[in-house]
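Got the model open in your viewer? Let's walk through it one selection at a time.

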Amino acid sequence: MGIIFNKPLIGVVMCQIVNGGHPSQTVHNKYLDAILSAGGVPLGLPHGLMNQPELLENAMAVLDGILLTGSPSNIEPFHYGATGTEPHADPGRDKLAFALITAAIARKMPMLAICRGLQELVVATGGSLYRQLHLQAGLQDHRENEALPLEQQYAPAHDVQPEPGGLLADLLNSREKLRVNSLHQQGIRTLGSQLRIEARAADGLIEAVSLRQHPFALAVQWHPEWQSDNSAPSRELFAGFIHACNRYQQETRR
């Protein structure tokens, strides 16, 4: 009897918050729903996996992919050589996300990174960030208006241009400009040599990257998980990710 493959298990990094006085780790439903709709099974990954070395190894042994989500928090600046403090920090997430990226690269496990997740992949591979894009000459304000309803905050805000021959253009089967939402204060300043530029905004800001020499590791600055079923490009991104996770499962579970 042959091996029966299950739907791929996707590890989803979580964020530390305080809920009613209780320290909690959470992830927005929109990320979980996008994974489920694309055919994967999401599994929240707690920061406590870093408490003992074998815990992360145990988790990686059963996972077929990693999703690095967006977050209200920012990476602490010392991780990319900047000075000062970060008022919206989540050091437990920093530590876990960097470890997950390192482990996924070593295993060639598929990764999809969104917003903060993109920034984590950039920093983990030797790049750096602008801490406040709206203060940089020549760059537009990429922040959302938090006073507006969510539907308007996540509405398309600007175009990005996929790079020819890249993973993003291949997934979308198009090199045409893509209209995306924009809900970030920070962004890519420099890239390490492991990353390839996949798309830029009209102001020149890098909005998507992929990992060279890796079967599937794509990171985008926008939020394709927002109502992903209603957006063909978003569906294609998640479908491509889950397809890569299926392939990883078949290759590693033989």
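Start by selecting D64, and keep in mind that this is a predicted model. D64 has a relative accessible area of 2%, so it counts as buried, the cut-off being under 20%. You'll find D64 in the loop between helix 2 (53–62) and strand 5. Now show what surrounds it: leaving aside residues up to four places away in sequence, D64 touches K7, P8, L9, M109, P110, C245, Y248, Q249 and R253. Pick P110 out of that list and draw a C-alpha to C-alpha distance to D64: the two are 7.2 Å apart in space, although 46 residues apart in sequence.

Next, move to T69. Is T69 buried or exposed? It counts as buried, because its relative accessibility is 1%. T69 sits in the loop between strand 5 and helix 3. Its contacts, again not counting residues up to four places away in sequence, are V12, V13, V27, Y31, R93, I114, R116 and G117.

From there, color helix 3, residues 91–107. Helix 3 lies across strand 1 (9–13), strand 4, strand 5 (65–68), strand 6 (111–114) and strand 12 (206–211). Look along strand 5 and you'll see helix 3 running at about 145° to it.

Time for the sheet itself. Show the strands as a cartoon: there is an open sheet of nine strands, in the order 4-1-5-6-13-12-11-8-9, with mixed pairing. Which strands are at the edges? They are strand 4 (41–45) and strand 9 (178–180), each pairing on one side only. Turn the view and follow the twist, which averages 25° from one strand to the next. As a reminder, strands of a sheet pair through backbone hydrogen bonds, either parallel or antiparallel.

Now step inward from strand 9. Select strand 8 (residues 158–162), which runs antiparallel to strand 9 and is joined to it by three bridges. To see one partnership, show H158 with V180 in strand 9. On to strand 11 (residues 195–201): strand 8 is antiparallel to this one as well, again with three bridges, and Q161 has R200 as its bridge partner.

Strand 11 also pairs with strand 12, antiparallel, through five bridges. Select L195 and you'll find L211 of strand 12 standing opposite. These two strands form a hairpin with four residues between them. Zoom in on G204 in the turn, where phi is positive, at about 95°.

Switch to a surface for the pockets. The largest pocket has a volume of about 520 Å³. To center on it, select S71, P72, E144, E146 and L183, which lie nearest its centre among the 23 lining residues. Helix 1 (29–38), helix 4 (116–124) and helix 5 (150–153) each give two or more residues to the lining. Color the lining by class and you get six nonpolar, twelve polar and five charged residues.

Last stop: the second largest pocket, with about 270 Å³ of space. What should you select to find its centre? Use P156, N181, W226, S231 and S234, the closest to the centre of the 18 residues that line it. Strand 9, the edge strand you met earlier, supplies at least two lining residues, as does helix 7 (232–252). By class, the lining here has ten nonpolar, six polar and two charged residues.

Note on methods. Residues are numbered from 1 along each chain as its sequence is written. This is a predicted model: local features need pLDDT of at least 70, side-chain atom pairs count only at pLDDT 80 or more; totals for chains, interfaces and linings use all residues. Side-chain values use heavy atoms; hydrogens and water are left out. Two strands pair if DSSP finds at least two bridges between them. Axes are lines fitted to C-alpha atoms, for helices over the stretch in contact, and angles run from 0 to 180 degrees between N-to-C directions. Contact means heavy atoms within 4.5 Å. On a 1 Å grid over the protein atoms alone, a cavity is a set of points where a 1.4 Å probe fits but cannot get out, and a pocket is an open set with protein on both sides within 12 Å along at least five of seven lines; lining residues have an atom within 4 Å of a point. Grid points are joined across faces, edges and corners, and a volume is the space filled by probe spheres set on the points. Ala, Val, Leu, Ile, Met, Phe, Trp, Tyr, Cys and Pro count as nonpolar, Asp, Glu, Lys and Arg as charged, and the others, Gly among them, as polar. Buried means under 20% relative accessible area, exposed over 50%, partly exposed in between (1.4 Å probe, protein chains only).
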